[in-house]
Amino acid sequence: MEKLYLHVFSLLLIICLFPQHLKSQDDDFVRQPPRGVIFTHHTGSDEDPQQVHISLVGKDHMKISWVTESMHVKSLVEYGKVSGIYDGKATGEHTSYKYFSYSSGKIHHVTIGPLEPATTYFYRCGGSGPEFSLKTPPQKLPLEFAVAGDLGQTEWTKSTLQHIEGMDYDVLLLPGDLSYANSHQPLWDSFGRIVEPYASKRPWMVTEGNHEIESFPPGFMAYNARWRMPYQESGSTSNLYYSFEVAGTHVIMLGSYAEFDAESDQYKWLQADLAKIDRKVTPWVVVLLHAPWYNTNTAHKGEGESMRQAMEELLYKARVDVVFAGHVHAYERFTRVYNNEANPCGPVYMTVGDGGNREGLALMFEDPASPLSLYREPSFGHGRLRIVNETHAFWGWHRNNDSNSVVKDQLWLESLSSSKACLHPGNQKVGSSSINDEL
């Protein structure tokens, strides 16, 4: 009964403090207050794998990552296309780290493959323990991404993950702020256990956020040890930024908290990475970063501006289709933009920092709204980008409505590689109003 009173009191307090910001722009939905943090414990043996998650490596390989409390378990993965029958085997590497009085378990990373596209594989980590299964992405379009930023580990996180799992997808994209550990290392372990039922089945491709930074000494020790992405395969020298390709789509994960000026390694890498893309073979280009370059919420206003000024022209000239960001705990979609003006050849910018963090929602949007901002709502949820073919993709943002999710914003996108006007830069008309709703 006491919890019920607290819940009602919290809701009434928010309604009193922010009445003008609690309703979405199109209905009478009243969003609920933040929910509690979930902390999970390991219930298996010291040898059993935990925190299992997978990521893409090249066109036909997958990295299996997991943790064991025992330091004697081999970094070994057995796998096959029939449950219980493992005709493939691979060994990999392991690491561990210490942070003051905390000592991590043994963190394993094993790359398996080559794997067939759109195929279910069964696998076992360390030579014993439970069997897991994964499905590889398709080799050709269509392809579906689930997109969720600022996940954390709350009851809202749990709701978001269940909604994502409710509809099949091929790859999950996460633009930073995974565990909200904030240097408290056991929260990394808890987060790994929370996401394991999902991240062990489909590849999760992530980039870092500000909550991944250890406070002292500043750095990304835990993030780099636990969530190792295929940065070397894309020519990057840092796990904080990299790229990969899957089914006609080139995805670039930028690091908001790595150096990004024109003399930096990240800038030079991005320049070279964009130059390698063949839009006839890879018609779609998607970028993720943490701190948004375009944002009409008062939260974190302007924090991505210096990175925008340094790198926006590179993305614009390369005809990047979509840019996803997190950091702001709300959803917002902009029209195609370049240099703070509507531009039919610029990317569509979207903020999806609404996965379920413990800090709550960013309720305060600027009023009046910018004409560049087409939809904005402070609610928890996730997005889905279905790339249908070489020319068209469908985007939908799903709001968490307690036990179910509801699609509240959606549109068709046309690839800029299929636009004759954008292939010839002199033809586009800046400020065109026809780009607000593409189809």
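In the predicted model, helix H2, formed by residues 155–166, lies across six strands: E11 (143–147), E12 (171–174), E13, E24, E25 and E26. Relative to E24, helix H2 runs at about 25°.

The strands crossed by this helix form an open, six-stranded sheet in the order E13-E12-E11-E24-E25-E26, with mixed pairing. Strand E13 (204–206) and strand E26 (404–414) are the edge strands, each of which pairs on one side only. Direction ignored, neighbouring strands of the sheet are turned by 20° against each other on average. Within the sheet, strand E24 (residues 381–387) and strand E25 (residues 392–401) run antiparallel and are joined by seven bridges. In this part of the sheet, Gly381 stands opposite Arg399 in E25.

Beyond the edge strand E26, the loop between E26 and helix H7 (420–423) contains Ser417. The relative accessible area of Ser417 is 17%, and this residue is therefore classed as buried, the cut-off being under 20%. Two polar partners of the Ser417 side chain were identified. One is the side chain of Ser415, which is joined to that of Ser417 by a polar contact of 2.7 Å. The other is the backbone oxygen of Pro283, which lies 3.0 Å from a polar atom of the Ser417 side chain. When residues up to four places away in sequence are not counted, Ser417 touches Arg279, Pro283, Glu390 and Leu423. Pro283 thus appears both among these contacts and as the residue whose backbone oxygen lies 3.0 Å from the Ser417 side chain.

Terms used
Residues numbered from 1 in each chain as written. Predicted model: local features only at pLDDT ≥ 70, side-chain atom pairs only at ≥ 80, totals over all residues. Heavy atoms only, no water. Pairing = 2+ DSSP bridges. Helix = DSSP H or I, 4+ residues; strand = E, 2+ residues; numbered from the N terminus. Axes fitted to C-alpha atoms, helices over the stretch in contact; angles between N-to-C directions. Contact = heavy atoms within 4.5 Å. Buried < 20%, exposed > 50% of the residue type's maximum accessible area, 1.4 Å probe, protein only. Polar contact = N/O pair within 3.5 Å; in protein donor to acceptor, adjacent residues only side chain to side chain.
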